[in-house]
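Visitor: I should like to go through this model and its ligand step by step. Please begin with the metal.

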Amino acid sequence: ERIHLQILHRRPEGIEALLDEALTRRSAVDVLNSVLLPAMKDVGDRFGAGELILPFVLQSAEVMKRAVAHLERFLDRVEGVTKGKVVLATVYGDVHDIGKNLVKTILANNGYTVFDLGKQVPVATVIEKAVEVGADAIGLSALLVSTSKQMPYCVEELARRGLEFPVIIGGAAINRRFGYRAHFLQDGSAYPGGVFYARDAFEGLEIVEALAS
Ligand code: B1M
């Protein structure tokens, strides 16, 4: 509850000590899923309800980032050879990168090499990087309804270039139905590489694991 309030009230000081205290009783994954993510959701809900102004949301997001950075070292890490390569980006026009960064942490900690292109990344940049590194999958994150359109656009562009990278999509703006629809190209045919919706970072990992096996 104290961690929740620190995020909600935009107070970074001492968040690490509180997390350490929580970690004596719970695993890092549990703290992430049952404390940090609900706190950020609370911030979003209050913003949506007009209770918080945008600069406050940004400050809460900074506290959240600091908390995730601290937890990162306690998340299980698989060392050794890479299990696969994933090109990851927040789509063009979208600055939300907390979820994308979490996906990166979870994938990297589980043995995948992640090429993180950052936020507001144009489709062409994503595709060119995937070709350059010979990616096993492309991961896209979008939090705005408007920017989520970049996802089917990327799939369409991949198909146009004759490429078949599997595309994993996630973010608060989309859902499973969106993922299903994004699988189909404008001419009605299915994208041969496949489009996979991930509800959260762990489902993203499951999908990557399934694709790699
Ligand atoms: Co903005 N924002 N925001 N925001 N923001 C939302 C998304 C919003 C829902 C808030 C609301 O109205 N309730 C709303 C979108 C409305 C819509 O389109 N339907 C919104 C808006 C409107 C905006 C602006 C337009 C506000 C404005 O300027 N008027 C603006 C947009 C700027 C832009 O992008 N062009 C804006 C700006 C911002 C901040 C900069 C202040 C800040 C972002 C800081 C940052 O990321 N560096 C911010 C924040 C923090 C939020 C909320 C509050 C929290 C988002 C977040 O970080 N959640 C958000 C409200 C909400 O989502 N409820 C909101 C925590 C994060 C861990 O979750 O990213 O969903 P999420 O990731 C999850 C899963 O979705 C999944 O895994 C993660 C968890 O395990 N996942 C993937 C995500 N990507 C994945 C990819 C995968 C797999 C899984 O594979 C590749």
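Visitor: Which protein atom is the donor to the cobalt atom of the ligand?
Guide: This is a predicted model, and a donor here must be an N, O or S atom within 2.8 Å of the metal. The protein supplies a single such atom to the cobalt, at a distance of 2.2 Å. That donor is NE2 of His96.

Visitor: Where is the place of His96?
Guide: The strand β1 covers 84-90, and the helix α5 covers 98-109. His96 is in the loop between β1 and α5.

Visitor: How far from a nitrogen atom of the ligand does a polar side-chain atom of His96 lie?
Guide: His96, the cobalt donor, also has a polar side-chain atom paired with a ligand nitrogen. The cut-off for a polar contact is 3.5 Å. The distance in this pair is 2.8 Å.

Visitor: Which residue has a polar backbone atom 3.4 Å from an oxygen atom of the ligand?
Guide: Ala172 places a backbone N or O atom 3.5 Å from a ligand oxygen, so that distance is not the one sought. The backbone contact at 3.4 Å belongs to Gly171.

Visitor: How many nonpolar residues does the shell around the ligand have?
Guide: The ligand is surrounded by 34 residues, and Gly93, Val95, His96, Asp97 and Ser141 are the closest. Nine residues of the shell are polar and five are charged. The nonpolar residues number 20.

Visitor: What is the mean pLDDT of the chain?
Guide: For the complex, the predictor gives an ipTM of 0.98 and a pTM of 0.88. In the chain, 98% of residues reach 70 or more, and the mean pLDDT is 93.

Methods: Residues numbered from 1 in each chain as written. Predicted model: local features only at pLDDT ≥ 70, side-chain atom pairs only at ≥ 80, totals over all residues. Heavy atoms only, no water. pLDDT = per-residue confidence, 0-100. Donors = N, O, S within 2.8 Å, 3.2 Å for Na, K, Ca; no water. Helix = DSSP H or I, 4+ residues; strand = E, 2+ residues; numbered from the N terminus. Near = heavy atom within 4 Å. Polar contact = N/O pair within 3.5 Å; in protein donor to acceptor, adjacent residues only side chain to side chain. Nonpolar A, V, L, I, M, F, W, Y, C, P; charged D, E, K, R; others polar.
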